[in-house]
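Colleague: I am new to this one. Could you walk me through it?

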Number of protein chains: 2
Amino acid sequence: MKNNTFEEIGKVISDAERILIFPHVNMDGDALGSSAALCSALRRRGKECYILIEDRIPANLAFLDRGFCTADQNMIKKQDLSICVDCGDPSRFEKRRKKFDQADITVCIDHHGTTAPYCDYNYIDKDAAAAGELIYKLLLAMDTEIDAEIGEAIFAAITTDTGNFQYSNTTAESHLIAAALYEAGTDWGKVSTELYENNRIERILIENTALGTMSTVAGGRGVIAYVTQNMLGETGAVMDETEHVVEKLRSIAGVEIAAFLKETEDGRVKVSLRSKSSADVAVIAAELGGGGHIRAAGCTLSCSLSEAFDLLKGKITDSLS
Amino acid sequence: MKNNTFEEIGKVISDAERILIFPHVNMDGDALGSSAALCSALRRRGKECYILIEDRIPANLAFLDRGFCTADQNMIKKQDLSICVDCGDPSRFEKRRKKFDQADITVCIDHHGTTAPYCDYNYIDKDAAAAGELIYKLLLAMDTEIDAEIGEAIFAAITTDTGNFQYSNTTAESHLIAAALYEAGTDWGKVSTELYENNRIERILIENTALGTMSTVAGGRGVIAYVTQNMLGETGAVMDETEHVVEKLRSIAGVEIAAFLKETEDGRVKVSLRSKSSADVAVIAAELGGGGHIRAAGCTLSCSLSEAFDLLKGKITDSLS
């Protein structure tokens with residue numbers, strides 16, 4: 001199915017009065033940043049517009065919500081238009097799906113290659129590094145003046161989804177848009193402080209504790225670490241706060257495969273796998289009933305932590321031999 | 001004193017046959033990346049060209065040295081041209097100063113605002129985020145085709161000196177150059193892996209140990225941590241490997257001032273100070289005989305670690321009250 005043009009999508013948005021924007025659950029910087037940029041622009045045009053959410057806003061993204069977000073599905077009784085941003089599969093906004101479908105017209109702006117067109121109007125571009133890039137282009141097609149507020153939201157979207165312009169999904173266009181946002185007065189030093197200098201002290205403590213468990217395997221080409229429910233209790237941290245541990249493990253010189261084992265509340269073990277440059281961790285994950293990509297994959301094991309450790313040690317060693 | 005133009009500098013470079021490039025001591029990604037891009041381009045033009053260094057290349061920058069670097073001052077007996085890159089004050093290449101001065105013509109390409117023109121030809125632009133941006137413009141002025149090898153070196157220079165495009169020194173031009181490098185085939189995923197996924201395991205261990213010492217002060221608005229010689233001995237790490245600890249401390253939500261205390265080999269205490277958004281740590285450092293900038297400053301104290309801790313605790317509390 002062909003994408004609509006930004007001009008077509010801009011036209012239906014212009015014609016609507018009451019608009020709800022739907023970022024995906026477990027919102028990240030791209031989902032919320034893109035939604036905030038769009039909401040800001042639409043309110044400036046006099047639209048009644050909200051970002052409808054179903055879960056909490058992460059602390060480091062709270063600065064993006066300038067009164068845009070609501071979890072109240074009746075904030076607008078009946079919207080003319082629903083726009084899902086950085087997602088296109090209703091499973092990504094399951095608890096808001098009925099409300100989404102209630103609109104006269106639905107629109108999808110997404111960059112996930114796995115998204116099938118679900119809406120009346122769709123713009124899905126898997127080559128875009130971030131949905132924020134697509135929202136930027138949509139706003140230009142709508143003759144929107146990009147001010148510092150919109151610029152900050154789009155910069156947050158792009159910089160988080162490109163790993164600060166380091167991931168290989170980053171394109172020339174990511175940088176060209178960032179350059180244009182700079183001209184619009186975006187203060188990226190400020191955005192960066194909000195995004196990255198807002199760690200709970202409990203995050204530092206749990207990262208420290210988890211990294212303290214690391215063991216190298218396969219002659220230093222593999223590394224495994226873990227976190228237990230007990231460690232979470234002792235540090236006061238939540239499991240989400242261990243999200244960067246596996247990348248830290250992979251950052252060790254000589255390490256090709258990193259595995260991070262998370263003991264779940266129901267006594268299973270969630271495994272995150274990363275490879276650096278040659279190994280395929282999707283294969284390991286698939287063998288253990290999981291899946292993912294070559295460089296990032298995962299699975300869930302119904303066994304004890306020490307059994308999971310031994311299992312992964314064997315798999316990693318085999319993969320690297 | 002006025003800068004020369006890139007065209008003038010390009011002309012003297014074109015006229016030379018034997019060229020030595022001088023990055024500053026304690027070379028960083030910008031110093032070595034800029035030097036490597038220039039050396040690569042000049043060798044392609046048939047010049048006899050080396051990067052003359054006086055200290056070791058950090059492991060994460062080794063990929064930039066494609067046979068360019070030498071510590072042998074006699075590699076070229078008598079050079080026509082000396083070019084200092086990312087520095088302009090001879091104190092930044094003290095052990096190579098005589099060799100530098102021995103050239104018929106000297107050139108400086110730098111972006112430090114404190115650099116006074118020392119060379120026959122100078123291009124000093126304090127508004128450039130990285131010397132790499134200036135080298136890029138110089139190479140364009142010399143009609144150099146930017147290939148992937150030069151692109152990687154310039155990308156490494158810019159991304160390290162801008163904190164991956166997050167620091168407030170980043171400009172639209174930083175992004176525009178990155179976009180142009182992408183078109184030249186630069187693989188920034190590869191560069192990023194080299195730069196940031198090359199940590200010795202000892203670095204992880206010492207970061208962990210140092211972060212484990214942190215105490216909050218001033219009701220959580222300040223945080224202090226330390227590293228001892230003993231900790232270095234136990235982890236096998238070197239002091240340089242604690243360089244990111246103070247930024248990690250500052251990244252804690254609510255923290256405005258972070259202090260990191262390093263016990264030196266001769267029993268003194270080096271203090272690194274960072275502030276997040278409002279406090280002026282240069283004032284604290286100056287009161288203790290040091291100096292620096294509003295957001296990053298330091299000093300060295302001749303006292304015990306516990307005395308230094310108490311002193312800083314008092315200063316931080318005063319500064320935040």
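Here is a short conversation about the salt bridges and the chain contact.

Modeller: Welcome! This is a predicted model, in which local features need pLDDT of at least 70, side-chain atom pairs count only at pLDDT 80 or more, and totals for chains, interfaces and linings use all residues. Residues are numbered from 1 along each chain as its sequence is written, chains are lettered from A and ligands numbered from 1 in the order in which they are written, and side-chain values use heavy atoms, with hydrogens and water left out.

Colleague: How many salt bridges are found over all chains?

Modeller: Side chains of opposite charge can pair when their charged atoms come close. The rule asks for a side-chain nitrogen of Lys or Arg within 4 Å of a carboxyl oxygen of Asp or Glu. Searching the whole structure this way gives 36.

Colleague: Is A:Glu152, the salt-bridge partner of A:Lys190, buried or exposed?

Modeller: The closest N and O atoms of A:Lys190 and A:Glu152 are 3.1 Å apart. This pair links distant parts of the chain, with A:Lys190 in helix 7 and A:Glu152 in helix 5 of chain A, 38 residues apart (helices are DSSP runs of H or I, at least four residues, numbered from the N terminus). Buried means under 20% relative accessible area, exposed over 50%, and partly exposed in between, with a 1.4 Å probe and protein chains only. A:Lys190 is partly exposed at 36%, whereas A:Glu152, at 7%, is buried.

Colleague: Which residues are linked with A:Glu152 in a network of salt bridges?

Modeller: One link is the bridge from A:Glu152 to A:Lys190. The rest of the network brings in A:Arg66 and A:Glu149, so to speak by name: the members besides A:Glu152 are A:Lys190, A:Arg66 and A:Glu149.

Colleague: Which chains does the salt bridge of A:Glu197 and B:Arg250 join?

Modeller: The closest N and O atoms of A:Glu197 and B:Arg250 are 3.3 Å apart. A:Glu197 lies in the loop between helix 7 and helix 8 of chain A, and B:Arg250 in helix 10 of chain B, so the pair joins two chains. Those are chain A and chain B.

Colleague: What area is buried between chain B and chain A?

Modeller: Each chain gives 39 residues to the contact (heavy atoms within 4.5 Å). Buried area is the accessible area (1.4 Å probe) that two parts lose on being put together, summed over both. Carbon and sulfur atoms give 59% of the buried area, and the total is about 3400 Å².
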